[in-house]
Each structure stands twice: as structure tokens, then as C-alpha cells.
Amino acid sequence: MQVKFAKYEGAGNDFILIDDREELFRADAALVAALCDRHFGIGADGLMTLRRSAELDCSMRYYNADGSQGEMCGNGARCFALFAEHLGIGGETKYFDATDGRHTARMGRLKGMTGEVELGMINVSEIRTGEGWWFLNTGVPHYVALVEDVAGTDVRGLGRKIRYDTERFPQGTNVNFVEITGDGTFRMRTYERGVENETLACGTGATAAAIITNYALQHETTKYRITVPGGELSVRFTQGPGPQTYTNIRLTGPARRVFSGTFETDNF
């Protein structure tokens, strides 16, 4: 079967997007992993399909680069919203669902194949704390550790060890290393579960790190600018009423359509 696709990126997180409103594409793990392979496939951190929704503008399903299905991807969802815009779906604000629930995405600064997308994230109501680390779910599980020199951190080595620490995290976890650079600013690097490597950005990770920075250190700060290897993201939220309650969470950053094409499923 011949399948049309588009390649998008958000702050260096790159994704394969497929318009599957006719529900013809079978996203089995082996095919997704082959398509995401950077040497023998298209190459991506993940793959998303867009399908119709009876109640919303559309429905998003996300698959990790290793072929496993993911609950959510923040930068992926922002790219998904721009993909929907390019397909003529929805208005200035997109309403869609993912495995972790319903989301909104507001389109801004649209110019050609690029735009800035503000994504509404799920609420956070529980934070686990250990010795020098914090753990929470922002759509997918995230481990956050504060470090003095993020550039010198062994993200792949330490991240892989923590990601597979099934005694503490039975379902595995994404791992974020955060260097605070000021009030409302920090640098971050992430080891992503499902990619099994460091990525250039992670939206749900940036969200998790911003919440933990507020929770652990900067209690009055609710807007953050995050520098990641692939660019810059911003996160804002409302804190309270309880110390572990975060609502109105918004992740904002750039999204861009890189190219489009077709592939034959028999070739993978």
C-alpha cells in the first residue's frame, strides 16, 4: 500500500505525520520502527496518525520510535496541531484527543510551513520525591534531576540506567536533567523512553521540569523559558490549591513542516 506522509519538527523533535481519516494505515510496531529508523527509513523520534473524531476536530495517536504506542508527546502534539491546520481541520484553536485525554492547541504566528503552537496539557496532581529527584506524569512519566552542569552530564548513560530502573519505575520513565540559569529559566536535556536515546527536545519533559522547578525551588514563578539542544520552549501554569496541584498548563514552541512524500508499506 502506498501511504502519504509529512515530516514535521518542533524544537528538533521530529515526527512522521499520517492523515489516516480513512483508517487504512496499520501502525504495527515493526512498521513504525522501520519508518522511524534514521538509516533505513524516513527517520523520526516518533510517528502520529490523525483520525476523525465524533466529538472533536480530530484524534491523535502517537507511536514511539521503537514502535511502541505512547500516551502523549508534547512537541509531537504541537506538530500534530500544525499538521491539522495544513489539512484545513479545525479553527484557530484545535480540539483533539490523545491516549492521555483531551487537548487544545492554539495556532499562532503562522507563516508558510511554520507556526507557533500553544498546547494545553493535562493537569498534574501528584509528585513523588526521592533523594535528589522528582517523579510526575505530564501525559507520560518523567523523572527530573537538578544538575550543576547539564552540558557535561552523561545523559545517555545515566538516563538509560534510570529509565530501566523498574524497581522504582515499573513502566519505565523519561529522564530529564535540569540546570537552573535564573528565575524562570533553565537548560534541559532529556533521555526519552521509546526513543532510547537523548532527543533534541521533549515537550512533556519541559513541562515536568518547569513544574518541579516551581515545586522545589521557585515557588512564586509560574512562567518558564526552557533552552533545549534543539531550540527554546516555554511553559506556564497555575499552581494550587494544594502544593502538588498544577492546572491550566500550557506548552508553547515552534513547529515546522519539513517535507512530505510517500512510501510503500511493502518496502518496510
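**Exercise 1. The enclosed space**

About 100 Å³ of space lies in the largest cavity of this predicted model. Determine which residues line the largest cavity and how they divide into nonpolar, polar and charged.

*Solution.*
Step 1. A search of the whole structure for cavities of 30 Å³ or more returns 1.
Step 2. The lining is made up of Y62, N64, G70, E71, M72, C73, V140, N174, E192, R193, C202 and T204.
Step 3. Sorted by character, these lining residues comprise 5 nonpolar, 4 polar and 3 charged.

**Exercise 2. The largest pocket**

State the volume of the largest pocket, and identify the strand that gives the largest share of its lining.

*Solution.*
Step 1. The volume is about 350 Å³.
Step 2. The lining of this pocket consists of 20 residues, and V3, K4, I18, D19 and D20 are those nearest its centre.
Step 3. At least two lining residues come from each of β1 (2-10), β2 (13-19) and β17 (246-264).
Step 4. The largest share belongs to β1, with 5 residues.
Step 5. In character, the lining of the largest pocket divides into 10 nonpolar, 3 polar and 7 charged residues.

**Exercise 3. The second largest pocket**

Describe the lining of the second largest pocket, residue by residue and by character.

*Solution.*
Step 1. The second largest pocket has a volume of about 170 Å³.
Step 2. Its lining residues are G12, D14, R38, A44, D45, A65, V195, N197, E198, T199 and L200.
Step 3. Strand β14 (residues 197-199) provides the largest share of this lining, namely 3 residues.
Step 4. The division by character is 4 nonpolar, 3 polar and 4 charged.

**Exercise 4. The surroundings of R189**

Decide whether R189 is buried or exposed, and find the polar contact that its side chain makes with another side chain.

*Solution.*
Step 1. R189 belongs to strand β13 (residues 185-192).
Step 2. The relative accessibility of R189 is 18%, and the limit for a buried residue is under 20%; R189 therefore counts as buried.
Step 3. The side chain of R189 makes a polar contact of 2.8 Å with the side chain of E198. E198 is also among the residues that line the second largest pocket.
Step 4. The backbone oxygen of A151 is reached by the R189 side chain at 3.2 Å.
Step 5. When neighbours within four places in sequence are set aside, the contacts of R189 include V150, A151, G152, T153, V155, N176, E198 and P229.

**Exercise 5. N176 on strand β12**

Establish why N176 counts as buried, and list the residues that N176 touches beyond four places in sequence.

*Solution.*
Step 1. N176 is located in strand β12 (residues 174-182).
Step 2. N176 counts as buried because its relative accessibility is 0%.
Step 3. Not counting residues up to four places away in sequence, N176 touches H142, Y143, V144, A145, M188, R189, T190 and G205.
Step 4. The C-alpha atom of N176 is separated by 8.5 Å from that of E192, a residue 16 places apart from N176 along the chain. E192 is also one of the residues lining the largest cavity.

**Exercise 6. Helix α2**

Compare the span of helix α2 with the expected value, and state how many of its residues are buried.

*Solution.*
Step 1. Helix α2 covers residues 74-86, which is 13 residues.
Step 2. From first C-alpha to last, α2 reaches 19 Å, close to the 18 Å expected at 1.5 Å a residue.
Step 3. Of the 13 residues in α2, 11 are buried, and the helix is mostly covered.
Step 4. The buried residues are G74, N75, G76, A77, R78, C79, F80, A81, L82, F83 and A84.
Step 5. After α2 comes G88, which has a positive phi near 80°.

**Exercise 7. Backbone geometry**

Locate E23, N248 and P241, and describe the backbone geometry of each.

*Solution.*
Step 1. E23 is placed in the loop between β2 and α1 (29-36). Its phi is near 55°, a positive value in a residue other than glycine. With a relative accessible area of 47%, E23 is partly exposed.
Step 2. N248 lies in strand β17. The phi of N248 is likewise positive, near 50°, in a residue other than glycine. N248 is partly exposed, at 43% relative accessible area.
Step 3. P241 occurs in the loop between β16 (231-239) and β17. The peptide bond from G240 to P241 is cis, and its omega is near 15°.

Technical notes:
Residues are numbered from 1 along each chain as its sequence is written. This is a predicted model: local features need pLDDT of at least 70, side-chain atom pairs count only at pLDDT 80 or more; totals for chains, interfaces and linings use all residues. Side-chain values use heavy atoms; hydrogens and water are left out. On a 1 Å grid over the protein atoms alone, a cavity is a set of points where a 1.4 Å probe fits but cannot get out, and a pocket is an open set with protein on both sides within 12 Å along at least five of seven lines; lining residues have an atom within 4 Å of a point. Grid points are joined across faces, edges and corners, and a volume is the space filled by probe spheres set on the points. Ala, Val, Leu, Ile, Met, Phe, Trp, Tyr, Cys and Pro count as nonpolar, Asp, Glu, Lys and Arg as charged, and the others, Gly among them, as polar. Helices (H or I, at least four residues) and strands (E, at least two) are DSSP runs, numbered from the N terminus. Buried means under 20% relative accessible area, exposed over 50%, partly exposed in between (1.4 Å probe, protein chains only). A polar contact is a pair of N or O atoms within 3.5 Å; within protein, one must be able to donate a hydrogen and the other to accept it, and residues adjacent in sequence count only if both atoms are side-chain atoms. Contact means heavy atoms within 4.5 Å. The expected span of a helix is 1.5 Å times one less than its number of residues.
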